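This briefing introduces a structure to a reader who has not seen it before. Please look over the sequence and the model, then read the points below, which are grouped by topic.

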Amino acid sequence: MNTQSTPDAVLVLEDGTVFPGRAYGKVGTTLGEAVFTTGMTGYQETLTDPSYAHQIVVQTFPHIGNTGVNDEDPESTRIWAAGYVVREGSRRPSNWRSVRTLEEDLIAHDVVGIERIDTRALTRHLREAGAMKAGIFSGAAAARPVRELVDQVKDQPAMAGRKISAEVSVDEPYFVEPADHGWSGEVRHTVAAIDLGIKAMTPVRLAERGMRVHVLPHDATLEDIKASGASGVFFSNGPGDPATATEQIELVRQVLDAGIPYFGICFGNQILGRALGLDTYKLRFGHRGINQPVMVKDTGKVEITSQNHGFAVQAPLQGSFTAPVERFGQVEVSHFSLNDQVVEGLRCLDIPAFSVQYHPEAASGPHDAANLFDRFADVLDSTADKDNK
């Protein structure tokens, strides 16, 4: 443990709670929303997930960095987490794929972190009080009066009402080809994937099933989708408050009106919900980790899922209902969380559209939900068969 009389790093929460520790990663100051994730592994994928933009990530597993980092597993081109909190960072990684330590990566990407704090106590606090504004201050910044640090933390924008997807989306369209990912037959379909913070493995999972994926920026239009020749539309995960995604919500409505099959995950699930006229709300502390149990209603089976979301759709869990935007017909909740009964999936019964609140690409995480990509391919196949008759 750090024995200095003045700790060289502190984590400060907006309610005035302070956790002293030691600098881990870049020395300096960072601000964000403090959230915790329960994964025992997958820290490299977590840090590079764009959905963590503007968030300070707390790892509940006590020892992080054991397998180092490599150049194959990142889910994007950079670390998006605003800050990083661990109980103890490994100084000597041991894995044949490791090319450097996790702390070296944090420093290279200018990520301010803190270690040697009681992450168990911090997680319990966030579970009781909820995710909140926070800051990590290390080096000279840690010696400033706590009152000043708390004021700086409070002055940052809240996550509710925040629009972030434009910051993490791709600038230019690109393609992910089936032939590059083990598919040897003809291309089955072209899918337009709207990047709101997409993880690299997601279009790969589609491509593995014979789908040519045209990844488009967050501000893509229906004309862009049609110009790509896409027979289906996918909306990705991403950060921010879905209530602010007005352009994307309208685009989904246009897609549904055009009869184009739709599949959304995470942020894409929330946007489908709002496009149907449902409300979304901010969860107390969110679902983050690779061990989240979800009930699949039509089979009665439980899937262990990878999740990262702080907002959710509000809808009745039992039976079907008419969408508040009535032209979209009947809708049902297809999945729900076994921990707290949060809506984890939507299915439209009269139009070809469905979504889930979790990450079926499983990077990192369990592969229980990989069948959803097969389901989307089947929907595209059946829609094409109808069009050809």
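Phenylalanine 376 has a relative accessible area of 0% in this predicted model, so it counts as buried, the cut-off being under 20%. The points below start with the aromatic rings around this residue, then take up the annotated positions and three helices.

**Aromatic rings**

- The structure holds 7 aromatic pairs.
- In one of these, the ring centres of phenylalanine 263 and phenylalanine 354 are 4.6 Å apart and the planes meet at 20°, so this pair is stacked.
- Phenylalanine 263 belongs to strand 14 and phenylalanine 354 to strand 20, so the pair links distant parts of the chain, 91 residues apart.
- Both partners of the stacked pair are buried: phenylalanine 263 has a relative accessibility of 0%, and phenylalanine 354 has 3%.
- Phenylalanine 263 also pairs with phenylalanine 376, with 5.3 Å from centre to centre and 50° between the planes, and this pair is tilted.
- Because phenylalanine 263 lies in strand 14 and phenylalanine 376 in helix 10, the tilted pair ties together parts that are 113 residues apart in sequence.
- Ring pairs join Phe234, Phe263, Phe354, Phe373 and Phe376 into a cluster.

**Positions annotated as active site**

- An unreviewed UniProt entry places the feature "active site" at Cys266, His359 and Glu361.
- These positions are spread over 96 residues of sequence, yet they cluster in space, with a largest C-alpha distance of 11.5 Å.
- Histidine 359 is in the loop between strand 20 and helix 10 (371–388), and glutamate 361 is in the loop between strand 20 and helix 10 as well.
- Histidine 359 counts as buried because its relative accessibility is 2%.
- Leaving out residues up to four places away in sequence, histidine 359 touches Asp49, Lys199, Asn237, Cys266, Ser306, Gln307 and Asn308.
- Glutamate 361 is buried too, with a relative accessible area of 0%.
- Apart from neighbours within four places in sequence, the contacts of glutamate 361 are Lys199, Met201, Thr202, Arg205, Ile265 and Phe373.
- Lys199 is therefore a contact of histidine 359 and of glutamate 361.
- The side chains of glutamate 361 and lysine 199 make a polar contact at 2.9 Å.
- Phe373, a contact of glutamate 361, is also a member of the aromatic cluster.

**Helix 8**

- Helix 8 covers residues 246–257, has 12 residues and reaches 17 Å from its first C-alpha to its last, close to the 16 Å expected.
- The buried residues in helix 8 are Gln248, Ile249, Leu251, Val252, Val255 and Leu256.
- They cover an arc of only 160° around the axis, which puts them on the same side of helix 8.
- An α-helix has 3.6 residues a turn, so residues three or four places apart point the same way.
- The cover over the buried residues of helix 8 includes strand 11 (189–194), helix 7 (222–227), strand 13 (232–235), strand 14 (262–265), helix 9 (267–275) and strand 20 (353–356).
- Glycine 259 follows helix 8 and has a positive phi, near 75°.

**Helix 3**

- In helix 3, residues 119–129, the residues Thr119, Leu122, Thr123 and Leu126 are buried.
- Their arc around the axis is only 100°, so they are on the same side of helix 3.
- Arg120, Arg124 and Glu128 are exposed on the other side of helix 3.
- At the start of helix 3, a side-chain oxygen of aspartate 118 comes to within 3.2 Å of the backbone nitrogen of arginine 120.
- Glycine 130, just after helix 3, has a positive phi of about 95°.

**Helix 1**

- Threonine 46 is part of helix 1, residues 43–47.
- With a relative accessible area of 13%, threonine 46 is buried.
- Not counting residues up to four places away in sequence, threonine 46 touches Thr37, Tyr52, Val57 and Gln59.

Definitions and conventions:
Residues numbered from 1 in each chain as written. Predicted model: local features only at pLDDT ≥ 70, side-chain atom pairs only at ≥ 80, totals over all residues. Heavy atoms only, no water. Helix = DSSP H or I, 4+ residues; strand = E, 2+ residues; numbered from the N terminus. Expected span 1.5 Å × (residues − 1). Buried < 20%, exposed > 50% of the residue type's maximum accessible area, 1.4 Å probe, protein only. Arc of directions from axis to C-beta. Contact = heavy atoms within 4.5 Å. UniProt positions renumbered as here; feature names shortened; annotations may be inferred. Polar contact = N/O pair within 3.5 Å; in protein donor to acceptor, adjacent residues only side chain to side chain. Phe/Tyr/Trp six-rings, centres within 6.5 Å; stacked < 30°, edge-to-face > 60°.
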